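Open the model in your viewer and keep the selection box ready. Each stop below says what to select and what is there.

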Amino acid sequence: MGKAAYDLIVAGSGVAGLSAAVSAAERGGRVAVVERAPEGEHGGNTRYTEAYLRMKSLDAVSDDFEERLSENAGGYIDPAFLKEAGKDYESWSSLLRALSLNDPEIISAFSEAAGPTLRWLEAAGVRFDFLPTAFLTTTAPRLLPIGGGLAIVETLTRKAKALGVSFLFETTAQALALNAEGAIAGLVVRAKGQRRTLAARSVVLACGGFEGNAEMLAQYLGPSALNLRPVARGGYYNKGEGVRMALEIGAAPNGDFGSYHAEPIDPRSDVAEPAVFTFPYGILVNEDGERFVDEAPGAVDATYESVTRKIYAQRDGLAWLILDAKIEDVPNWRKSVRSNQPPIVGETLSELAARIGVEASALERTVKAYSAACRKGPFRPLECDGLKTEGLEPRKSNWARPIDAPAYRAFPIISANVFTFGGLKINRRAQVVDADGDPIPGLYAAGETAGMYYRTYTGSTSVLRGAVFGRLAAIDTAERQGWRR
């Protein structure tokens, strides 16, 4: 293929890709970013997220950071592997190095690099603060970039261009080019119907998961994935090529391929991330007018995903949040609704049922049974108050008050697919490893393309992991290639 035109090609321009590109360029690398979206719409999911960060300060992760990641580190892991994982990484067997598992090496690398990575972003021009969120009840602090993920994308894009990074917009990464020894030699891309190979010494795959690919969703999540949609426009660009092309050359898979990060959204809304986090103060009913879940098992930031998965399991993946006029007792409740669509209103339950297409008698029966199970007690809307139902299944554990004050309101809720969990196995340096646990020379992955989560999402860690491992990938390839021009 001749001399490489680039030291590093990055596929994707979200926080992971841009962190890799800027970090590499700062170290003197010749860098190109390949991005499917047009300029001004680039940035993937990062562009549209508020980018909550599970940090208690700019330098320190939350107290439960490693614990929460470890709790959802895989399936039923063989205890022999868990024991082996307590040893030095260099002594790990090939089976363990390639095992689908969020291993201690990754968790510790993530935790250790989080603070320095945020300081690096701060030095690049991103500002952070503890700002109000859509969660009215919380279990952990959330640091946010001022201006959200868009501020990160715009700041790092400017920085990358100033450092001489080449951007190839409206260009799709399709396959990896290898040399005779099986090391990375470049990236095969397609733009405007033309296919070509870009020669490079290293590639960072940071082009998202497969939430924008209907075929892969049906393959891995099943036919009910038809009822999911990406949480924002950026997710539609994530079609899984990064994951596929690496698996095709022997990369080890990692993360829960049959799952995804679930978030409750209003399907009527066309804004990015139209979340509805208000359901702890009402009841959720399915299309048959029946309750099916404890709407308030705990603080909403820690429980919304499990509740949303129950919504996804209902017929057509749809539920209705039913509220009454007493929702006005909840301070700033409208902050928990990010939809641009108003609630559907009825002066009676029968009228409301007709407007949402639910059998009136069924809705009235459900509300009557629920209200009768509510008990008197102090209502404390901004903390778990233990105001629960009695003698009702499923029960409601907090904020249970009768629904009896007109006008009645309803929001439709479906599960959004924020990002898919299945991806590639990496080591602490963000190198992609093969099925024997050995690094594939020159290949790295970060962000959604690198699988990390199992069963449920550890909240407010995704943007952070993208920045951390994107930067670690650039640092490692720069050290291996000996840049410093």
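**Stop 1: the loop with two cis bonds**

Select Pro 394, which sits in the loop between helix H12 (360–373) and strand S15 (408–420). Keep in mind that this is a predicted model. The peptide bond between Glu 393 and Pro 394 is cis, with omega about -10 degrees. Now select Ala 407, in the loop between H12 and S15. A cis bond links Pro 406 to Ala 407, and here omega is near 5 degrees. Such bonds deserve a look, as most peptide bonds are trans.

**Stop 2: positive phi outside glycine**

Go to Glu 170, in the loop between S5 and strand S6 (172–178). Its phi is positive, near 50 degrees, and the residue is not glycine. Is Glu 170 buried or partly exposed? Its relative accessible area is 45%, so Glu 170 counts as partly exposed.

Next, select Lys 192, in the loop between strand S7 (184–191) and S8. Lys 192 is not a glycine either, yet phi is positive at about 50 degrees. Lys 192 is exposed, because its relative accessible area of 74% is over the 50% cut-off. For background, most residues other than glycine have a negative phi.

**Stop 3: strand S1 and its partners**

Select residues 6–11, strand S1. How many of its six residues are buried? Six of the six are, so S1 is largely enclosed by the rest of the structure.

Add strand S8 (residues 194–205) to the selection. S1 and S8 run parallel and are joined by five bridges. For a landmark, find Ala 11, opposite Leu 205 in S8.

Then add strand S2 (residues 31–35), which pairs with S1 in the parallel sense over four bridges. Here the landmark is Leu 8, standing opposite Val 31 in S2.

**Stop 4: helix H1**

Now show helix H1 (residues 15–26), which forms a right-handed β-α-β unit with S1 and S2. H1 is mostly covered, with eleven of its twelve residues buried. Among the buried ones are Val 15, Leu 18, Val 22 and Ala 25. Try a distance between the end C-alpha atoms. They are 16 Å apart, and twelve residues at 1.5 Å a residue should span 16 Å, so the two values agree. Just past H1, click Gly 28, where phi is positive at about 90 degrees.

**Stop 5: helix H6**

Move to helix H6 (residues 148–162). Its 15 residues should span 21 Å at 1.5 Å a residue, and the end C-alpha atoms are 22 Å apart, which agrees. Color the buried residues of H6, including Gly 148, Ile 152, Val 153, Leu 156 and Ala 160. What do the buried residues of H6 pack against? Their partners are H1, H5, strand S4 (144–145), strand S5 (166–169) and helix H13 (462–481). Just after H6 comes Gly 164, with a positive phi of about 90 degrees.

**Stop 6: the nonpolar cores**

Select Leu 187, Leu 205, Leu 284 and Phe 469. Within the largest nonpolar core, which has 150 residues, these four touch the most other members. Which helix gives this core its largest share? That is helix H5 (residues 104–124), with ten residues. A second, separate core has seven residues, among them Ala 73, Phe 81, Ala 85 and Leu 101.

Return to Leu 205 and show its surroundings. Beyond its neighbours within four places in sequence, Leu 205 is in contact with residues including Ala 11, Leu 176, Met 245, Leu 424, Tyr 444 and Thr 449.

**Stop 7: Asn 254**

Finish at Asn 254, in strand S10 (residues 253–254). Asn 254 is buried, because its relative accessibility of 3% is under the 20% cut-off. Where does its side chain reach? Draw a line from the side chain of Asn 254 to the backbone nitrogen of Leu 101: the distance is 2.8 Å. Leu 101 also belongs to the second core from the previous stop.

Then show the contacts of Asn 254, leaving aside neighbours within four places in sequence. They include Leu 99, Ser 100 and Leu 101. Also in the list are Phe 421, Gly 422, Gly 423, Leu 424, Lys 425, Gly 451 and Tyr 454.

Methods: Residues numbered from 1 in each chain as written. Predicted model: local features only at pLDDT ≥ 70, side-chain atom pairs only at ≥ 80, totals over all residues. Heavy atoms only, no water. Buried < 20%, exposed > 50% of the residue type's maximum accessible area, 1.4 Å probe, protein only. Pairing = 2+ DSSP bridges. Right-handed = clockwise from strand over helix to strand, strands pointing away. Core = buried A, V, L, I, M, F, W, Y, C linked by side-chain atoms within 4.5 Å. Contact = heavy atoms within 4.5 Å. Polar contact = N/O pair within 3.5 Å; in protein donor to acceptor, adjacent residues only side chain to side chain. Expected span 1.5 Å × (residues − 1).
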